[in-house]
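Q: Please examine one part of this structure closely and place it in its wider surroundings. A connected account would be preferred to a list.

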Amino acid sequence: MGVLKTERLVLRGPSLDDVDDLFAVYGDPRVMRYWSEPPHADRSVTETMVKRHIAAFDHAPLYFVIEHKGRAIGRGGVHDGDEVGFILGADYWQQGLMTEALFAMIDHFFEDLRFPQLTADADPRNAASVATLQKVGFVQTGEAKNTFCVNGEWSDSAYFTLKAPREAA
């Protein structure tokens, strides 16, 4: 299954048509503040990333483009083993869109793909992401200091786990 739908969103595979919309996300220093790499310096960096993600999605459709009203506004899904990641354009913050997307993805990963658990890693200073993870049911299981260094600035990690419901496992 390559497409998930919610009331307001379509979660789907990436396409080259997404490059401009996703550059607006990945090129924004506010959005990338707690990401594991610096903001994209120009559109070509985003285009290269999208091409990689197209090939990955064709092989394993686990990390989705989040589309709202015909625009790519972010991405999310499983990107490493059972680790969930997500990113959302600043114009779409505080509207419940990422929570809506995560609930759809979590259902898909547990019910359709039978993941036994999902994990996540967030910079503890990123209160919005931590709150979103907790809102969809993730529980903090640990933390570590100095886990990522981006542009000379170290960040910490808070680790989270969400176990599959017993009936889905």
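The part in question is the loop that holds Lys 69, between strand S3 (63–68) and strand S4 (71–80). What phi does Lys 69 have, is its side chain buried or exposed, and how do the strands beside this loop pair?

A: The model is a predicted one, and the account below begins at the loop and moves outward from there. Lys 69 is located between strand S3 (63–68) and strand S4 (71–80). Its phi is positive, about 55°, although Lys 69 is not a glycine. The turn belongs to the hairpin of S3 and S4, which has two residues between the strands. Lys 69 counts as exposed because its relative accessibility is 75%.

The two strands that flank the loop, S3 and S4, are antiparallel and are paired over six bridges. Within this pairing, Glu 67 has Ala 72 in S4 as its bridge partner. In contrast to the exposed Lys 69, S4 is largely enclosed by the rest of the structure, because seven of its 10 residues are buried.

S4 also pairs with S5, again in the antiparallel sense, and six bridges join these two strands. One of the bridge pairs is formed by Gly 77 and Gly 85, the latter in S5. The hairpin of S4 and S5 likewise has two residues between the strands, and there Gly 81 takes a positive phi near 65°.

A further positive phi in a residue other than glycine is that of Asn 146, near 50°. Asn 146 lies in strand S7 and is partly exposed, because its relative accessible area is 48%.

The hairpins are part of an open sheet of eight strands, in the order S1-S2-S3-S4-S5-S6-S8-S7, with mixed pairing. Strand S1 (4–5) and strand S7 (139–150) are its edge strands, each pairing on one side only. Strand S5 (residues 83–88) runs parallel to strand S6 (residues 117–122), and two bridges join them. At this junction, Val 84 is opposite Ala 120 of S6.

Strands S3, S4 and S5 also contribute to the nonpolar interior. The largest nonpolar core has 32 residues, and those touching the most other members are Leu 11, Leu 102, Met 105, Ile 106, Leu 118, Phe 138 and Phe 160. At least two residues of this core come from each of S3, S4, S5, helix H4 (97–112), S6, helix H5 (127–135) and S8. The greatest contribution is that of H4, with eight residues. Met 105 shows how this core meets the strands around the loop: apart from neighbours within four places in sequence, Met 105 contacts Leu 4, Leu 11, Phe 64, Gly 76 and Gly 77. Another core, of 12 residues, lies apart from the largest one and includes Val 25, Tyr 26, Val 31 and Val 50.

Charged side chains complete the picture. Side chains of opposite charge can pair when their charged atoms come close. In the whole structure, 12 salt bridges are found. One of them joins Glu 47 to Arg 43, with the closest N and O atoms 3.2 Å apart. Both residues lie in helix H3 (residues 43–59), four residues apart, or about one turn of the helix. Glu 47 is partly exposed because its relative accessibility is 25%, and Arg 43 is also partly exposed, at 36%. Glu 47 and Arg 43 belong to a network of salt bridges that also links Asp 20 and Lys 51.

Elsewhere, Asp 123 and Arg 125 meet through their side chains in a salt bridge with an N to O distance of 2.8 Å. Here Asp 123 counts as buried because its relative accessibility is 6%, whereas Arg 125 is partly exposed, at 39%.

A salt bridge also joins the side chains of Lys 145 and Asp 156, at 3.5 Å from N to O. This pair links distant parts of the chain, with Lys 145 in strand S7 and Asp 156 in strand S8 (residues 153–163), 11 residues apart. Lys 145 counts as exposed because its relative accessibility is 64%, while Asp 156 is partly exposed, at 21%.

To return to the loop, the exposed Lys 69 sits between S3 and S4, and S4 itself is largely enclosed.

Definitions and conventions
Residues numbered from 1 in each chain as written. Predicted model: local features only at pLDDT ≥ 70, side-chain atom pairs only at ≥ 80, totals over all residues. Heavy atoms only, no water. Pairing = 2+ DSSP bridges. Salt bridge = Lys/Arg side-chain N within 4 Å of Asp/Glu carboxyl O. Buried < 20%, exposed > 50% of the residue type's maximum accessible area, 1.4 Å probe, protein only. Core = buried A, V, L, I, M, F, W, Y, C linked by side-chain atoms within 4.5 Å. Contact = heavy atoms within 4.5 Å.
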